Each structure stands twice: as C-alpha cells, then as structure tokens.
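Visitor: Please take me on a close look at one part of this model: the empty space in it, and whatever surrounds that space.

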Amino acid sequence: MPTEIPADSVGLVEPQTAFFDEPLPLRSGRSLASYQLVYETYGTLNAERSNAILICHALSGHHHAAGFHSRDDRKPGWWDACIGPGKAIDTNRYFVVSLNNLGGCHGSTGPTDIDPETGRRYGPDFPIMAVRDWVKSQARLADRLGIQQWLAVIGGSLGGMQAMRWSIDYPERMRGCAVIASAPKLSAQNIAFNEVARQAITSDPDFHDGHYYQHDTSPRRGLMLARMLGHITYLSESGMREKFGRELRQGKLHFSYDVDFEVESYLRYQGENFSDNFDANTYLLMTKALDYYDPAGDHDGDLARCLSQSQCRFLVTSFSSDWRFTPARSEEIVRALVRAKKPVSYLEIEADQGHDSFLFPIPEYVKLLSGFLASLSTEGAPA
Amino acid sequence: MSQIERPDFDFIEPWIEPNSRVLDLGCGDGGLLAMLRDNKNVRGYGLEIDTDNIVECVARGVDVIHQDLDAGLDNFDDQSFDTVIMTQSLQQTTAPDRIVEEMLRIGRQAVVTFPNFGHWTTRAYLGFRGRMPVSESLPYAWYETPNIHFFTFRDFEVLCRERGIKIRTRAVVDRNHQANWKMRMLPNLLGEIALYHISR
C-alpha cells in the first residue's frame, strides 16, 4: 500500500515467463518434457553482460524478490530489504535475476499445473526436484537471457545450497558465490523438523493423497501447522522473547484453549496467511529437496573434494542466533573450501532474528555483501 | 590500523616468497595481505575476529575468515601454507606458545612481530613508578588491556630454543619502525618492536 514508492525501491516490476521445450533430465531419474520459469529482473544488464546476479530463493520463496507488482501491494518482494538502488545488492550497478524454482507454486511449472501426459494436475506426481535440477534449469534461463557468466550467485538457506551447487556444476559461469545462513547438508534435527511438517500436511483429512485439487479443497490446517512449526525454527528464543514476551492478546487469561498470548496469535496469523497463498505439494517438494541435498555425497562425503571444482570466490555468512542452520554448519563449508584452497571469506554476524536474519538489512551484513560484490566487479574477469 | 601506519609490513615483505600461500593471524583490515597480493601475487587468508575489519577485508578483495585464534586452528591442515604471519597480536592470545607451535605446524615458516615488554621505558615505568606501564605503544590500563601476555625479546628467544624453533632472521625497531646501531647493540633494552622470521 505504498501511496508513494520509496526512493530505494526498484519500483513497479512485472514478472516474465520463459518457456523451455528441451526436456530436463532430473536427479530422480525422471524428466520434465517441457516447463516454464517465471522470473523478474531488476537493474540493467551492461554491454559486457558482466554485471548479472542470480538470486536463489529459499523454502517458501519465489521470483518476486524486490519492488511491487502494483500500487495496491501491501508488501514489497521478499528480499526488498537488500535489493534496490543503493541497497546491499545495488540495482544501480547490477542486473539482478530472481526466479521461481520448478515445483514452486508462483508461476513456474509445479504441482498445481496440468500434467500434459494425464491431462490433470500433477499434484503429488510432480517429480521431486533436487537442488541440482533447479540449478540446471537456472543455467538454461541464464542462456536464454544471454548471461554466460554471473557476477555472483547469491542465496540464503536453501538458496545458499543452490548457490553452492552452481559453483560445483557450472564453475566457469560465475565469479562469486554468496552462501548465506546455509549448510552443506541437513542434520538429523533439520530433517526431523521437515518430517513433522510433512506429517502435518499429509495427515490433514483434506490432503487426499495430494490430489486435493480434484476435491476442490486443500490441506489448509496441515499446511498452517507446518508453517507455524517452521516459523518457530526461523526465529530465535531471544528474538521471540523480545518480540512477544508473554504479552497477552487481550490483557487477561481466558482459561480456555483459545488464544491467550500474543505469540499464539502471531503464529496463527502467519500460518493462516501462508496456507492461503502456498501450495501444500510444493511445500512437501521443497522440504524433500532440502533433505536430499548433500553435494559431498557424490565424493565419498568429502566436501573439499566436491568443491575443488569451483573457480569462484566465496562469501559464507552465518548469523549468531540461527539455530536452524547454525554458524557451525557454515564453518563446515568454510573448512572444506580452505582445504580445497579456494578463495573464501566468512563472517558470523551478530543478530537476534535467528535463521530469518538473512532477510534483514543488518548494517554489517549489508556492508559485507555490497563490499563483496564491489570487489568482484573491480577484480576484472578471471583469465 | 591502516597500511600507512604499519611500516613493519615493509620488513616482512622480503621474507615472503612470490606466488606463495600465506595465512595471516589477526589480519586486521587486510592491509598486509593486500600488499602481498599486489606486490608478490601471494594468496591466502586472514583470520580476524573484528566485524568491521572483516567487512573491510572483503571489500578490498582480501579473503578473511571470522575465527577466534584462542579457539584453536585445527581447521587448518599441517603444512598447508608457506608462511603463517602474526603481527602484533601474539601478546593478546591466551596461549602464545601454543599459537607459535600451531603456526609452524600449519606453515613451513612463520613471521611473528610483537611489542617488547623489556624496553627500558617499560622497565623504568614499572621499576620507578611501581605501576603497570602505559605508553604510546602500550596505551591501555591494566584492567582493560587486550595484551594479556607480556614478554620480552629474550623470553621469546628462550621459548624458541626450548621448543626447537629456528630463528632465521630478527629485526628490532622502534615504534616508528626505525632501526639503529644502539638497538642492534641492546635489542632487549632499546628495541620496541621485534620481527621474527622462524621455522623448524
């Protein structure tokens, strides 16, 4: 609802769609015969095509990373805090590309689309995507946009995993890689949280084995629970105490099982809002992509050997209060890159917002990211 | 500290081979590594704990890793660097002897610089005033100083001897990094800063 678009916003943006007819072979052994990717771009591609930055989104993200779709939008894109004129990812200098990943529910081909083979919606039959499949599709989008080499590929959380995968699969196609609040693979605890989220969805009576579209319904309660659980893991204990404490919604206890505390109300709101706007099959698929991610798995678990293929400079960033992907997980990546003798910088940023910290314009973080990108662009293309 | 205030870097540079790999412990804003990169095509990392310094390093294209030296260096493999450098920080670590051992485990050679607590002004300060020395090169009160292990040149050389560490070169300078014949005669009394080039 900005009556006036802020000066540091990319302003009104319009999503674009790219169609692909060439089949995409997938890690699962299946393939997508044809598909479409929805994306947005911010800033201008320079004549040398050397200032392009790819943004990879996280679990519940999409292509709309910055700016507004209309003047009636209540909120800007999900990473507007860091993308825009003069921001960490400065659209006065860089050409930023942000897409919705395959399997998503915001316009790129996914479970809610019609399967050309059956004529009905894919639903749970949409192939489970692996991070490397997304990266392959992103590389095709880069081809389409005439971008031979990214200045940087950037992502937080699951997005950071994609950025890392890029450096392994397309080492010559990027000069920098920013892996933010991420991990080289999920821990048992991470997978456990994902499994509870999936169980919440699949045990909802409205799930219908994933074919809920045919029943004109959706597992809203399950998806809401999954999101509430996820949301708790994205915040920190101290952040929640700071934000909600034990504040009561209506100033008194009700001695009932309805909402008493602010935090309950907040979580319900977040969960309901999310379940109105997100597809349950996409959520299931995204959590599986997270669980399966383990690039070192192809190299006897040796992450250093796996990353030895990379040719770019890395920036690894973690946040002190992130317990979903702790700083120690980022340090595993750094350790492997050091062992592989790769250029890497690492900073753990002091922040109270937990895993979600990566979405916020924390001053040191903004300076770090913008400094990294500026150093990549002044270094000149590697020989 | 910016590069301009660190003439000790000019002493160190000749000790570093071109195209070699360097690890700089407590690298500050990355001035030394930037200089070695630009002049000698040296690659490597700095380790640093201060956020502003890390941000500065990254912006100047110096690879830096956020790491507390006191928490150990076991993320670095044996003999994985040509030179490990530590300028003006050894006295700030909890176990300087362990750090020196680690430096020579990780690097083929090491460069260490530190302020000399045996300088005559320091001795006089403590001797006559009976209080912990505060000076231009040691500007902190005892309760707030980051320098928690004071030692002299002689102390360091005794440690090297005990641990079988070879001193390849030693330079002794004043705080403006000037050397003169008096300091060469009585380094432990007249030298303010020592630069040691050591190996196994």
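**Cavities, a pocket and their surroundings**

Guide: Let's begin with the largest cavity, whose lining divides by class into 10 nonpolar residues, 2 polar ones and no charged ones. Please keep in mind that this is a predicted model. The space inside the largest cavity comes to about 70 Å³. Its lining residues include the aromatic side chains Phe117(B), Tyr140(B), Trp142(B) and Phe150(B), along with Met132(B), Pro133(B), Val134(B), Leu138(B), Pro139(B) and Ala141(B). Thr145(B) and Asn147(B) are in the lining too. In total, the structure contains 3 cavities of 30 Å³ or more.

Now for the second largest cavity, with a volume of about 50 Å³. Here the lining is made of 7 nonpolar, 4 polar and 1 charged residues. Three helices of chain A, namely α3, α4 and α7, each contribute at least two lining residues. The biggest share is that of α4(A), which provides 5 residues. Among the lining residues are Phe193(A), Asn194(A) and Ala197(A), as well as Ala226(A), Leu229(A), Gly230(A), Thr233(A) and Tyr234(A). Leu59(A), Tyr283(A), Thr287(A) and Arg324(A) also take part.

One of the helices around this cavity deserves a longer stop. Helix α3 of chain A covers residues 188-202, and its 15 residues reach 20 Å from the first C-alpha to the last, close to the 21 Å expected at 1.5 Å a residue. Its buried residues are Asn190(A), Asn194(A), Ala197(A), Arg198(A), Ala200(A) and Ile201(A). Looking down the axis of α3(A), you will find the buried residues within an arc of 155°, so they line one face of the helix. As a general reminder, an α-helix has 3.6 residues a turn, so residues three or four places apart point the same way. What do the buried residues of α3(A) pack against? Their partners are α4 (220-234), α7 (280-292) and α9 (327-339) of chain A. Asn194(A) and Ala197(A), both buried in α3(A), are also in the lining of the second largest cavity.

Let's follow that packing to α9(A). The 13 residues of α9(A) should span 18 Å at 1.5 Å a residue, and the end C-alpha atoms are indeed 18 Å apart. The buried residues of α9(A) are Pro327(A), Arg329(A), Ser330(A), Ile333(A), Val334(A), Ala336(A), Leu337(A) and Val338(A). After α9(A) comes Lys341(A), which has a positive phi, near 60°.

From closed spaces we turn to an open one. The largest pocket holds about 1600 Å³ of space. It is lined by 49 residues, of which Lys75(A), Trp78(A), Arg227(A), Gln270(A) and Leu359(A) are the closest to its centre. By class, this lining has 20 nonpolar, 19 polar and 10 charged residues. At least two lining residues come from each of α4, α5 (237-243) and α6 (262-277) of chain A. The helix that gives the most is α6(A), with 6 residues. Thus α4(A) is a helix to watch in both places: it supplies residues to the lining of the largest pocket and gives the most to that of the second largest cavity.

Notes. Residues numbered from 1 in each chain as written. Chains lettered and ligands numbered in written order. Predicted model: local features only at pLDDT ≥ 70, side-chain atom pairs only at ≥ 80, totals over all residues. Heavy atoms only, no water. Helix = DSSP H or I, 4+ residues; strand = E, 2+ residues; numbered from the N terminus. Expected span 1.5 Å × (residues − 1). Buried < 20%, exposed > 50% of the residue type's maximum accessible area, 1.4 Å probe, protein only. Arc of directions from axis to C-beta. Contact = heavy atoms within 4.5 Å. 1 Å grid on protein atoms, 1.4 Å probe; cavity = no way out; pocket = protein on both sides within 12 Å on 5 of 7 lines; lining within 4 Å. Points joined across faces, edges and corners; volume = space filled by probe spheres on them. Nonpolar A, V, L, I, M, F, W, Y, C, P; charged D, E, K, R; others polar.
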